[in-house]
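Here is a walk through one model, taken a piece at a time. Keep the viewer open and follow along.

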Amino acid sequence: MPKNDNHHSCDFCGKSKEEVEKLIVGDKAAICNDCIDLCVGILVDETVKKFPADKNVHNPSIIKDYLDEYVIGQDYAKISLSVAVSQHFKRINNPNKDIELEKTNVLLLGPTGCGKTMMARKIAEYLDVPFVICDATGITEAGYVGDDVESILLRLINEADGDIEKASRGIVYIDEIDKIARKGESVNISRDVSGEGVQQALLKMIEGTIMRVPFSSKRKHPGSEMQELDTRNILFICGGAFVGLDKIIQTRTERRGIGFAAAMADTTKELDFYQKVTPKDLIQYGFIPEFVGRFGLITNVDELTVDHLIRVLLEPKNSVVKQYQYIFKLDGIDLEFENDALTYIAEQAKELKTNARGLKNIIEKCLLPYQFDAINLVERGLTKIVVNKDTVAGNAAILIFNKKIKNEQK
Ligand SMILES: Nc1ncnc2c1ncn2[C@@H]1O[C@H](COP(=O)(O)OP(=O)(O)O)[C@@H](O)[C@H]1O
Ligand SMILES: [Mg+2]
């Protein structure tokens with residue numbers, strides 16, 4: 001292509017001014033709109049590959065700020081997770097091949113309904129990476145009927161719309177990991193070794209390996225049925241309640257110093273025994289040492305107090321109360337919760353040991369009749385529903401009608 005000194009054609013593709021929509025002419029060169037589009041495409045791709053480009057995205061305190069918008073309490077878990085995630089991405093983007101940073105998978109202990117899954121989900125959302133939740137109890141040893149380890153990765157690839165590169169930077173949350181502990185304290189060979197088999201099956205994937213996974217249904221690649229996915233940069237977060245682990249810790253502390261330590265163990269056992277967990281305790285709980293060794297971070301969520309639960313009802317961006325107020329507002333009804341109602345709901349959830357998980361059920365139950373009747377009630381002039389403690393206990397709510405239409409009591 002002869003060089004056009006007057007810049008009447010694009011210096012990249014050679015098309016003349018007449019052949020393109022726009023030709024941008026500079027001092028020494030010209031470029032057409034098509035070539036600009038192409039270049040932008042390349043640049044955007046590059047940024048995505050380096051994602052997240054913004055350094056702040058990796059700042060643990062900013063990750064924590066994001067979690068704070070949704071998750072009440074759990075500062076210890078938030079801080080340790082934020083640091084782990086930040087480290088994880090530093091490792092992925094580490095240009096220095098001499099210092100290979102080790103992968104930090106996370107073991108997240110703590111009672112049910114206190115925000116374990118939610119935190120993992122929010123972190124994935126924040127990083128804008130594909131995320132899957134699976135249940136350890138559903139995973140089988142290779143060769144058995146059920147979900148095998150590969151199917152977890154296939155789901156991750158599907159979440160990434162078939163994009164292997166994207167999937168290889170995703171987050172996998174494995175719930176109920178405590179359920180695959182070898183049962184029974186004796187190391188003596190018992191029949192129940194299935195848990196150990198599943199641990200073995202998960203081990204390779206979690207530590208990082210290249211796994212062969214069937215092709216995603218979202219992107220067909222004719223001619224081959226398997227693809228390879230490198231799991232080295234996938235962050236695995238495993239959560240579980242670890243019922244009975246407190247006894248192991250208690251025995252350990254008691255053994256160390258009968259008397260004082262025993263008394264200490266007693267007073268602290270409820271509140272923060274999770275914080276005392278050591279890898280050894282987990283091995284005694286029934287995990288194989290190699291499996292425990294794959295988790296660079298062992299952290300925990302705490303039991304939520306009644307005050308926390310009230311805050312869970314009110315504060316998160318998408319709190320249960322805000323959600324219901326929105327739903328009723330769509331029908332034109334103001335929904336108000338009196339303070340004693342909120343306290344009572346929180347106390348009930350605490351009593352049922354469902355923690356935050358139970359809050360929605362309790363509210364749903366007391367609002368169900370009004371949701372059912374909402375449209376009819378509005379036609380009769382209802383403008384507001386006030387929920388108090390009695391309502392939560394099973395009695396009627398206070399209904400406020402627009403007096404001009406009708407003055408009516410439920
Ligand atoms: N600390 C918390 N702050 C705000 N909401 C919470 C918290 N813990 C739990 N929840 C609410 O309870 C639900 C269940 O929590 P989840 O994260 O699934 O608990 P876990 O995984 O610990 O059993 C979440 O969807 C969320 O609405
Ligand atoms: Mg969960």
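## Two odd loops, two sheets and a bent helix

D128 sits in the loop between α4 (116-127) and β4. Helices here are DSSP runs of H or I with at least four residues, strands are runs of E with at least two, and both are numbered from the N terminus. Before going further, note that this is a predicted model: local features need pLDDT of at least 70, side-chain atom pairs count only at pLDDT 80 or more, and totals for chains, interfaces and linings use all residues. Residues are numbered from 1 along each chain as its sequence is written, chains are lettered from A and ligands numbered from 1 in the order in which they are written, and side-chain values use heavy atoms, with hydrogens and water left out.

Back to that loop. Most residues other than glycine have a negative phi. D128 is not a glycine, yet its phi is positive, about 55°. F242 is another non-glycine residue with a positive phi, near 50°, and it is found in the loop between β8 (235-240) and α8 (245-256). Are these residues buried or exposed? D128 counts as exposed because its relative accessibility is 56%, while F242 counts as buried because its value is 1%. The cut-offs are under 20% relative accessible area for buried, over 50% for exposed and partly exposed in between, with a 1.4 Å probe and protein chains only.

Now for the sheets. Strands of a sheet pair through backbone hydrogen bonds, either parallel or antiparallel. Two strands are taken as paired if DSSP finds at least two bridges between them. One open sheet has five strands in the order β4-β5-β8-β3-β9, with parallel pairing. Its edge strands are β4 (131-135) and β9 (295-300), each pairing on one side only. Neighbouring strands in this sheet are turned by 20° against each other on average, direction ignored. Strand β3 (residues 105-109) runs parallel to β9, joined to it by five bridges, and L108 stands opposite T299 in β9.

There is also an open sheet of three strands, in the order β10-β11-β12, and its pairing is mixed. Here the edges are β10 and β12 (398-401), each of which pairs on one side only. Neighbouring strands in this sheet are turned by 20° on average too, direction ignored. Strand β10 (residues 334-337) pairs with β11 (residues 382-387) in the parallel sense, over four bridges. D334 stands opposite K384 in β11, and F337 has V387 as its bridge partner. β10 has two faces: L335 and F337 make up the covered one, and D334 and E336 the uncovered one.

Next, helix α15. It covers residues 356-379, 24 in number, and reaches 35 Å from its first C-alpha to its last, close to the 34 Å expected at 1.5 Å a residue. That expected span is 1.5 Å times one less than the number of residues. Where is the kink in α15 centred? On D373, with a bend of about 60°; the bend at a residue is the angle between axes fitted to the seven residues ending there and the seven starting there. The buried residues of α15 are G358, L359, I362, I363, C366, L367, Y370, A374 and L377. After α15 comes G381, with a positive phi near 105°.

Helix α13 (residues 320-330) keeps α15 company: their axes come within 11 Å and cross at roughly 15°. α13 is therefore roughly parallel to α15, the label for angles under 35 degrees. Axes are lines fitted to C-alpha atoms, for helices over the stretch in contact, and angles run from 0 to 180 degrees between N-to-C directions. The crossing is right-handed, which is to say the near helix is turned clockwise from the far one by less than a right angle.

Lastly, here are two residue pairs set apart along the chain, with their C-alpha separations.

| Pair | Apart in sequence | C-alpha to C-alpha |
|---|---|---|
| L359 and L309 | 50 residues | 8.1 Å |
| I62 and S82 | 20 residues | 8.4 Å |

L359 belongs to helix α15 and is buried, with a relative accessible area of 0%. I62 lies in helix α2 (residues 60-68) and counts as partly exposed, at 27% relative accessibility.

Terms used:
Parallel < 35°, antiparallel > 145°, perpendicular 65-115°, else oblique.
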